[in-house]
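The exercises below go through a structure one topic at a time, and each task is followed by a worked solution. Please look at the sequence and the model before starting.

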2 protein chains.
Amino acid sequence: MAKSTNREDHLKALYALGERKGGSDAWVATNDLAAHLQVKAPSVSGMVQVLQELGWAEHRPYHGARLTPSGRSLALSLVRKHRLWETFLVQRLGFGWDEVHDIAEQLEHIDSVELVQRLDAYLDHPEVDPHGEPIPNVHGDILDKRVLMPLSELPAGAWGQIGAVQDDQGQVLDQLQRNNLGLGSVIGPKERTTLPAEGHQYILVTPWENADARPQTSAP
Amino acid sequence: MAKSTNREDHLKALYALGERKGGSDAWVATNDLAAHLQVKAPSVSGMVQVLQELGWAEHRPYHGARLTPSGRSLALSLVRKHRLWETFLVQRLGFGWDEVHDIAEQLEHIDSVELVQRLDAYLDHPEVDPHGEPIPNVHGDILDKRVLMPLSELPAGAWGQIGAVQDDQGQVLDQLQRNNLGLGSVIGPKERTTLPAEGHQYILVTPWENADARPQTSAP
DNA sequence: CCTATTTTTTAGCCACACCTAAAAATGACA
DNA sequence: TGTCATTTTTAGGTGTGGCTAAAAAATAGG
């Protein structure tokens, strides 16, 4: 009993929702996993128990699940592969940043350590993917010193610069593109009203106290 | 009921063995498919019937199976993807030609028409893969005007130039590499005795009547 | 604090794709 | 032509990973 595409998908979801809930000791609800994976709760319930038997997750019945260190390590390797492939698709093949998620979702399951090493070198060891998300290194460490907060939490009147966009479906990415905004773009009061409010929580910005402090930037 | 990795593997095997047996109207034996796919005969028997229901293969019980035109088209698209990915792995990522088969075997199942188009363009529309095998175009046509014959069928005393190597396991590729031979290398009586005879049928050469007619070439 | 709603798990079912063992068809050869 | 070995298919079973329906636990509200 070992790796499979479905188990990897569950590991990744467990990691993603765990992070969103505040770190590696957070418990993730079965229903949340099911919604994220587009699957029914009983399927998740079963899979989580398999992951537990494999030593990759911890399961407290009727409470939730979370990754073990080895499960976390596997999940981070998947995140690494996903983000490297997205970088390849955008930087080398010329895909738009809103077109690569689904393809990377398939590519991340390709099993070859040397392929990942060579891809990483071929891309000049990128630190972030096309959406500004940090790429874990080969040890699974994420070294990201940027100060980022959701646009939705940026104080009213404050300015910010787009550092990352957490949007798997591509709707927010698409919205930004239509407004000629990308990584590095400056967000002021005008942009905040232009962009649909539902997307603000997925747009991570580096904040400034006031508009005068903002640096020179350009649209992508 | 549609595409799946396993069904695609069976389609590809059916295509490969059909070609080896002499073309699109050749019947392929269940046992041959099973051996090629590293699976038992009953598994193939079942899968072939599924492929028949899907309209991708024709099955004459106790006789064999062969692809329908639409099955053939699907198989050729898989061959195209496989060979494009092999080209990418060798030309762009720097893999050795004996290291790429297994990885391409995974990559060929990635489902994205646009990805294949962009990859093809990125590689400058290659006509052959790193093993000299022709890459079908987007319509599934193989336009390969080279005259190639297995080294095993080259008349004794005749010379030839390596045009392609049909070796999924990599043993023959490895042998050639150890003797500093590659695509374009000239094969004479000396090389024929050096290379293990079992591999000769997988080495395709362009023959010449005599040694004087051979062109200038170099090892890879 | 006790009941009602929500969440989660268990139970039981289905499809896919493999397997072994047994039956059926084919083909080879005396 | 009849028998026997080989090939193929069918029958029945396993593991994976989904599903629905029902049971069980947790949570929320009066």
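## Exercise 1: The protein beside DNA strand D

Task: Describe how chain A and chain B meet DNA strand D, starting from single atoms and ending with the whole surface.

Solution. Begin with S43(A), where an N or O atom in the side chain lies 2.5 Å from a phosphate oxygen of DNA strand D; a polar contact is here a pair of N or O atoms within 3.5 Å, and within protein one must be able to donate a hydrogen and the other to accept it, while residues adjacent in sequence count only if both atoms are side-chain atoms. This is a predicted model, in which local features need pLDDT of at least 70 and side-chain atom pairs count only at pLDDT 80 or more, whereas totals for chains, interfaces and linings use all residues. Residues are numbered from 1 along each chain as its sequence is written, chains are lettered from A and ligands numbered from 1 in the order in which they are written, and side-chain values use heavy atoms, with hydrogens and water left out.

Next, turn to S4(A), which has a polar side-chain atom 2.5 Å from a phosphate oxygen of DNA strand D, and to K40(A), where a backbone N or O atom lies 2.9 Å from a phosphate oxygen of that strand.

Then widen the view to the 21 residues around DNA strand D, of which S4(A), N6(A), S43(A), S45(B) and H59(B) come nearest; a residue is near a strand if one of its heavy atoms lies within 4 Å of it. Of the atoms of DNA strand D within 4 Å of the protein, 83% belong to sugar or phosphate and the rest to bases.

Finally, assign the surface to elements, where helices (H or I, at least four residues) and strands (E, at least two) are DSSP runs numbered from the N terminus. At least two residues each come from α1 (5–20) and α3 (41–53) of chain A and from α2 (30–37) and α3 (41–53) of chain B, and α3(B) has the largest share, with four residues.

## Exercise 2: The protein beside DNA strand C

Task: Which residues are the closest to DNA strand C, and which elements give two or more residues to the surface near it?

Solution. Among the 21 residues that surround DNA strand C, the closest are S45(A), H59(A), S4(B), N6(B) and S43(B). Sugar and phosphate account for 83% of the atoms of DNA strand C that come within 4 Å of the protein.

For the atoms themselves, a side-chain N or O atom of S45(A) is 2.8 Å from a phosphate oxygen of DNA strand C, a polar side-chain atom of S43(B) lies 2.4 Å from a phosphate oxygen of the strand, and K40(B) brings a backbone N or O atom to 2.9 Å from one. The elements that give two or more residues to this surface are α2 (30–37) and α3 of chain A, together with α1 (5–20) and α3 of chain B, and α3(A) gives the most, with four residues.

## Exercise 3: The two protein chains

Task: Find the relation between chain A and chain B, and then describe the surface where they touch.

Solution. A rotation of 180° with 0.0 Å of shift along its axis superposes chain A on chain B, with an RMSD of 0.0 Å, using least squares on the C-alpha atoms of residues with pLDDT of at least 70 in both copies. That is the relation of a two-fold axis. The residue of chain A that comes closest to the rotation axis is L107(A), at 3.7 Å for its C-alpha.

Now count the contacts (heavy atoms within 4.5 Å): 20 residues of chain A are in contact with 20 residues of chain B. The two chains bury about 1700 Å² between them, 68% of it on carbon and sulfur atoms, where buried area is the accessible area (1.4 Å probe) that two parts lose on being put together, summed over both. L93(A), R118(A) and Y122(A) supply 31% of the area that chain A buries against chain B, more than any other three residues.

As a last step, look at the pairs: seven residue pairs, both at pLDDT 80 or more, are in polar contact between the chains. On the side of chain A that touches chain B, α4 (69–92), α5 (101–107) and α6 (113–122) each supply at least two residues, and α6(A) gives the most, with five residues.
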